[in-house]
Each structure stands twice: as C-alpha cells, then as structure tokens.
Amino acid sequence: MKFLLAVFLILFISGNEIVVKDQWLRPGAEKMATALYFTVENNSNEADTLYSIESDVSKMVQLHETYSNGSVMGMREIGQIVIEPGEKIELEPGGKHVMVMKLKKDLKIGDKIDFKLHFRKAGEIKITAEVKD
Amino acid sequence: MKFIRKVLIAFAAMIVLYFLQSCSQNFPLDKDLTLKSYKLLNQDSVDVSFPSIIKNKITVMGFIYTHCPDICPMTTHNIQLVQDELDKEGIENINYVLLSFDPGRDKPEVLKKFAELRDIDFNKWSLLTGENDVVSNLIRRFEVTVIFTDSTYSDDGELAYSVMHTDRIALIDQDSKLRKYYKGSTANISELVNDVKRLGD
C-alpha cells in the first residue's frame, strides 16, 4: 500500500513530462494560411519528437521554419522538432512555427482553435490556441 | 580679431556640416518616386496611381503577400504598431500602404479580407495590387527581390507555391521621395516613429 502511494505521489509531483504553453495564432482568411506559435518544454529524462499536428480548422498543417538567404527570407518544411531532455523550444514569429494551410474558415481575433500535437513518446497532447495579432 | 572671426566661422561651418551629415545618416536615401507612375488597384478594386495616392503625406509602406503566414503578418503588425504610436501622439496625417508582390493570388478582395481580419483602418491604409509587370516594375524601384519557389498542385488541384522575398518596410517623405529602408518583420518601432516625426518637422 505504501509502495502504491509512493508511486502515485511521484507521478503526481512529476507532472507532465512534455508541457506545451503560451500557444497563439495569427488571424487568417478562409483558404489562406496562418501560423501557430507555442513553447514546448521537455521535463523528462529522454528526448522526445514533435512529428505531426492536426486541426479541424485546416486541410493541411506542417512544421516550418523561416530562414534568410542573403537578402531574402523564405520558409521551409522541417518535418519534426526534437526536444532534448530539459530543453525548452519556442516556436515564435520569424523562427520555427506551425504552418496552418488551406483554412476552412476565417480565423478572427479572439477565436479559439483546437490542435492535436503528436509526440513520439508523450503521444497526443491537445491544446487550444487563441487568435491574436 | 580677424583670427577669432575666422575661428568662429570655421566652427559654425563645422556645426552645419555635422548637422547635414546627421540628417543624411538618418535618411540615407533620396530617390524621387514621382519620375514614373504605376497604375494599380486598391482593396476596393478602385484604380489608383502610385505615387499620386501618397502625394503630400509621409508614407510607411510594406511589401507583402497574403499567403505568407509568418514574415508578412509581422511586417503588417509592425506598421500597425507604428500607427498606434503616431496616433497616440496625435500624428495622424500619415499614409500606410501595403503592396502585394503576389498579384496572381492577391486580388483586391483577398487584400481586403487580409486587412479586415486585422482591423486595419481603410481611411489611412491602402492595400495595393495590380498587373504582374506593373507590380514587378514597382517593387524593383524599392529594390525588393521576389523569388517564387516550390510550385506544385495540391490534391484539390490548386496551384500552391511559396515566395522568398526581401523583408522590407520603406519610409517615403511628403515629396514622394524614398528616404529609408527597415527590415519589415523586425523593424525597430521607436526608430520608425522617430523618423516619421523628423520628416514631419
């Protein structure tokens, strides 16, 4: 009984190993694209990988990064993001972001949109992001 | 006595030179945009002529495409922040312009929707598009490079492509002279606001 209680306490105290927070996305018009941003923390002892994201609000969702090549800026798909143990990665404007393409409806300031983030080890994590600018 | 006068004149000349140099450092460009006119469409599909539409006002101008999810919304947002600051200080006689360098997709109604979702005030803002060749010629005046990449047809048959582009905001004075460039997505808002105020002095 004491053993079970100890296990329960350890699990309770340790909390979530992958934490996703500060999520938000920009406004976007139907059929267009927008970007989702958030911070992901890995509180576990092993690396984890964010490899896909789903949402009912768009036909296609991809992990992208913005990069510069000389004087021009571009975007490219990055496929996945590895979060090392203890690491915190910020998906932010001008850097890594989630590209939410072919929106099924207008996303207006104040709207709240659900996403499912898929991690190799942590599995599915659901988040709700607010539209703001 | 003559020597002192000469010293004073030299000192005054140095001050004038320093002042002129400071001004040119603030505004490194001096390109007259009135030498050529460009026929464009605004967000209401109204024919407009550039630079006639910005005549006699200071203009903050960004270069965007609406399918851009990251950089161009940052540029647009930065211009909105500049407007917020200037409005707060009662400086309202300013043009805010966004020119799309993706006119194939950015029709007037698309630009209008892009603006409406961001609560952009059409009394002060113009979102411009036009014929491909006209837009190409105009962005060249601003040294904006655009490279269309990764063209493909998606499952639903729509042409999809992304665009590599110069990340730019331009400041134009009341005489329609291009005066300064800023990096659009990471522009220093205070610098831009102060530059607008200096031009207005």
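**Notes on contacts and backbone in chains A and B**

1. Let's start with a charge sitting on a ring: Arg118(B) lies over the face of Phe114(B), 4.0 Å from the ring centre. For this label, NZ of Lys or CZ of Arg must be within 6 Å of the ring centre and within 35 degrees of the ring normal. Chain A offers an example too, with Arg120(A) over the face of Tyr51(A) at 4.0 Å from the ring centre.

2. A word on the ground rules. This is a predicted model, where local features need pLDDT of at least 70 and side-chain atom pairs count only at pLDDT 80 or more, while totals for chains, interfaces and linings use all residues. Residues are numbered from 1 along each chain as its sequence is written, chains are lettered from A and ligands numbered from 1 in the order in which they are written, and side-chain values use heavy atoms, with hydrogens and water left out.

3. Now the salt bridges. A salt bridge here is a side-chain nitrogen of Lys or Arg within 4 Å of a carboxyl oxygen of Asp or Glu. That rule gives 16 salt bridges over all chains. One of them pairs Lys112(A) with Glu130(A), whose closest N and O atoms are 3.9 Å apart. Lys112(A) belongs to strand β9 (residues 112-119) of chain A and Glu130(A) to strand β10 (residues 123-131) of chain A, so the pair ties together parts that are 18 residues apart in sequence. Helices (H or I, at least four residues) and strands (E, at least two) are DSSP runs, numbered from the N terminus.

4. How open to the surroundings are those two? Lys112(A) is exposed, at a relative accessible area of 57%, and Glu130(A) is partly exposed at 35%. The cut-offs: buried means under 20% relative accessible area, exposed means over 50%, and partly exposed is in between (1.4 Å probe, protein chains only).

5. Helix α2(B) deserves a look. This helix has 18 residues and reaches 26 Å from its first C-alpha to its last, close to the 26 Å expected at 1.5 Å a residue (the expected span is 1.5 Å times one less than the number of residues). Its buried residues include Ile71(B), Met74(B), Ile79(B), Val82(B) and Leu86(B). Just after α2(B), Gly90(B) takes a positive phi of about 75°.

6. The same helix holds a salt bridge between Lys88(B) and Glu85(B), with the closest N and O atoms 3.3 Å apart. These two sit three residues apart in helix α2 (residues 71-88) of chain B, so about one helical turn separates them. Lys88(B) counts as exposed at 66% relative accessibility, while Glu85(B) is partly exposed at 31%.

7. Elsewhere in chain B, Glu191(B) and Lys180(B) meet in a salt bridge at 2.9 Å, N to O. This pair links distant parts of the chain, eleven residues apart: Glu191(B) in helix α5 (residues 189-200) and Lys180(B) in strand β10 (residues 177-183). Lys180(B) is buried, with a relative accessible area of 10%, and Glu191(B) is partly exposed at 32%. Both belong to a salt-bridge network with Asp195(B) and Arg198(B).

8. On to the aromatics. Rings of Phe, Tyr and Trp (its six-membered ring) pair if their centres lie within 6.5 Å; planes under 30 degrees apart count as stacked, over 60 as edge-to-face and the rest as tilted. The count comes to six aromatic pairs over all chains. Tyr96(B) and Trp125(B) have ring centres 5.6 Å apart and planes at 25°, so they are stacked. Tyr96(B) and Trp125(B) are both buried.

9. For contrast, which way do the rings of Phe148(B) and Tyr161(B) pair? Their centres are 5.5 Å apart and their planes at 75°, so the pair is edge-to-face. Phe148(B) is in strand β7 (residues 146-153) of chain B and Tyr161(B) in strand β8 (residues 159-166), 13 residues apart. Phe148(B) is partly exposed at 43%, whereas Tyr161(B) is buried at 16%.

10. Last, some backbone details to check by eye. Phe50(B), a member of one aromatic cluster with Phe63(B) and Phe142(B), is joined to Pro51(B) by a cis peptide bond with omega of about 15°. Pro51(B) is in the loop between β3 (47-50) and β4 (58-64) of chain B. Ser45(B) has a positive phi of about 65° although it is not a glycine, and Glu143(B) likewise has a positive phi, near 55°.
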